[in-house]
There are 2 protein chains.
Amino acid sequence: MARQNTVFKDAFNRCVKMLEEWRSLPSEMELGVTLGVSRTTVRAILSRLEAVGLLAWEKRRKIVLRKPVASDYFPAEETDPLSEIIERSFMRRILAGGAEPGMQINELELAREVGAGTTSVREFLIRFSRFGLIEKRPNSHWILKGFTRDFALELTEVREMFELRSAAAFAHLPDDHPAWPELDAIEARHHAILRDIERRYLEFSELDERFHLLVHKASRNRFIVDFYDVIALVFHYHYQWNKANARARNTLALKEHLVYIAALRSRDPAAIEEACRHHLRSARETLLQSIP
Amino acid sequence: MARQNTVFKDAFNRCVKMLEEWRSLPSEMELGVTLGVSRTTVRAILSRLEAVGLLAWEKRRKIVLRKPVASDYFPAEETDPLSEIIERSFMRRILAGGAEPGMQINELELAREVGAGTTSVREFLIRFSRFGLIEKRPNSHWILKGFTRDFALELTEVREMFELRSAAAFAHLPDDHPAWPELDAIEARHHAILRDIERRYLEFSELDERFHLLVHKASRNRFIVDFYDVIALVFHYHYQWNKANARARNTLALKEHLVYIAALRSRDPAAIEEACRHHLRSARETLLQSIP
DNA sequence: CATTTGTCTTTTATCGACAATAGACAGTTC
DNA sequence: GAACTGTCTATTGTCGATAAAAGACAAATG
């Protein structure tokens, strides 16, 4: 196999989901835009929808024949892009223990473990190296630097610089900037989650990322925005691997966010700095506590 | 060809250069450390030295038979690692014009242009993407964002944050830290170049990189140190492509460096900030002037 | 007995090939 | 005649294979 058709399978599944509500489908081009794929892939999807009897397709006529059932979908495991599979496998290794800092990383071994070719693993490691957790010896192996206390401190040092500056820049966004309604939407979700915190506290992780990314984007600086990827990765896996006290932690963070959001909306530099500093300090503490 | 033996050829050339001064060679292991290669490569070098009659090699006896001549060396073009060849070729394209921001980048075309496989070009582009000059559309092509005014401004914004903080940290290095003698050595070279500025002003570029890297390293933060790669790349090619007024510019920068170095040595935070700010301001101006 | 060397195994760097996907162009439909 | 579809081409993503280079281990040397 030269390449898995995960793009097709994933888009197909999303398209089948659409069929649950629609009676007919729009043009191929429009579908392509909606699903984020090319017309080639759209046509492959339509072909299969027809083949499994979900759709009558003739030129512009695309009529839904029946409601989709569970077996119409591809299994979820088959829709993940290879790069994500490799990332998950690698992160599990790093976090699940048995991974001492200083350890060598073997490309071939990783590739076999995940059932991929070495090329894909190499590309992953190169992309991953920007997170500062691994390092390459030229013409030789990679070294695991590891999720250490030093790593967390260096990460948060830069994060504090960047986020303080971004938050300050936020105050100067023009009134008609799309960030303001997005901030409103984010605030609304904070309230919604807080109202039903017992059941919804796990939604915080995703909301956290959405909020801080919005703040970083206000810097209008590609290096600052790109750096947020590092923070997002670290916190993403942090939330997955450290669920102790999650509800209490998330409740606290949600409340800090609301203060932070109010400060942003006030456009008062001193209030913004105070709220941002306060939240970053407690985020750092949470992160450090998860490191041995 | 699966892989070019550029490591061998480069190490061989460096070894031949050593023969000009030595009458015999040390152990294989020691040679490996000196040349930065494995024993396997060292033995390949010794074999060839013997084959071309430069060395009598029997077990531990490695006696130089004659002085090397020009034709003993491999041509310099054959010693460059593929990744450097690709980088140079790509940067020439970006800077030599005909490269509009927004342009698509074609992996296959680049690969053919430089005579490499697509895998190597892909890996280069992934590594290069951290410089913020290109961006990937998933499952599709790369986009050239280009060496624009915005790029330069975003770069210098982050640089100023990082270097100010690093310079401040420099003042707190312990007295016996190796950075202090290194700073002395750097200062001495500044004076040496200034004394013969007419002939040596081109040496500034390399010294500039050495000095600022030393400052950044004082931050002891991998993200800050890694970011210096971006600055180094930009200035490296900036110096190569913009030689107008080079002597005057370099003279000014050398003098600013000396003030900056004196401030670092004084450990006076205010003086350090003032000197650093002043130098960064003029570095930014120089950079901006080279952008249309 | 601590180095050094000879030999063998493992790993990385790179290529060419090929399926999946994107994208271009011309003909068709409303 | 603007939007849509059918068809064809170009490009990307991934793999397996292979030479270069690294590295491990045992025998040899001084």
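How are helix 4 of chain B and helix 5 of chain B oriented to each other, roughly parallel or roughly perpendicular? To find out, begin with that pair in a model that is predicted throughout, with local features restricted to pLDDT of at least 70, side-chain atom pairs counted only at pLDDT 80 or more, and totals for chains, interfaces and linings taken over all residues. Residues are numbered from 1 along each chain as its sequence is written, while chains are lettered from A and ligands numbered from 1 in the order in which they are written.

**First stop: helices 4 and 5 of chain B**

Select helix 4 and helix 5 of chain B, where helices are DSSP runs (H or I, at least four residues; strands are E, at least two) numbered from the N terminus. Their axes come within 10 Å and cross at roughly 110°, the axes being lines fitted to C-alpha atoms over the stretch in contact and the angles running from 0 to 180 degrees between N-to-C directions. The two helices are therefore roughly perpendicular to each other, on a scale where under 35 degrees is roughly parallel, over 145 roughly antiparallel, 65 to 115 roughly perpendicular and the rest oblique. Helix 4 of chain B passes helix 5 of chain B in a right-handed crossing (the near helix is turned clockwise from the far one by less than a right angle, anticlockwise being left-handed).

Now show the side chains: B:Ile85, B:Ile86, B:Ser89 and B:Phe90 in helix 4 meet B:Leu110, B:Glu113 and B:Val114 in helix 5, a contact requiring C-beta atoms, placed from the backbone, within 7 Å. These residues divide into 5 nonpolar, 1 polar and 1 charged, where Ala, Val, Leu, Ile, Met, Phe, Trp, Tyr, Cys and Pro count as nonpolar, Asp, Glu, Lys and Arg as charged, and the others, Gly among them, as polar.

**Second stop: helices 8 and 12 of chain B**

Move to residues 179-195 and 246-266 of chain B, which are helix 8 and helix 12, with axes that come within 10 Å and cross at roughly 150°. These two helices are therefore roughly antiparallel to each other, and helix 8 passes helix 12 in a left-handed crossing. Among the residues that make the contact are B:Leu183 and B:Ile193 of helix 8 and B:Leu254 and B:Ile261 of helix 12; by class, the contact has 7 nonpolar, 2 polar and 1 charged residues.

**Third stop: helices 2 and 3 of chain A**

In chain A, helix 2 and helix 3 pack at an angle of about 105°, with their axes 9 Å apart, and are therefore roughly perpendicular to each other. Here A:Glu28, A:Met29, A:Leu31, A:Gly32 and A:Leu35 meet A:Arg39, A:Val42 and A:Arg43, a set with 4 nonpolar, 1 polar and 3 charged residues.

**Fourth stop: where the chains touch**

Select the contact between the protein chains, which takes 18 residues from chain B and 18 residues from chain A. On the chain B side, helix 6 (118-128), helix 7 (149-170) and helix 11 (222-241) give two or more residues each; helix 6 gives the most, with 5 residues. That side divides into 6 nonpolar, 4 polar and 8 charged residues.

**Last stop: the DNA strands**

Display DNA strand D, and of the 46 residues around it, A:Ala2, A:Gly117, B:Ala2, B:Asn5 and B:Val7 come nearest, a residue being near if its C-beta atom, placed from the backbone, lies within 6 Å. The surface near DNA strand D has 13 nonpolar, 21 polar and 12 charged residues. Then turn to DNA strand C, where A:Ala2, A:Asn5, A:Val7, A:Thr40 and B:Gly117 come nearest of 44 residues, and where the surface divides into 12 nonpolar, 21 polar and 11 charged.

Key
Contact = placed C-beta atoms within 7 Å.
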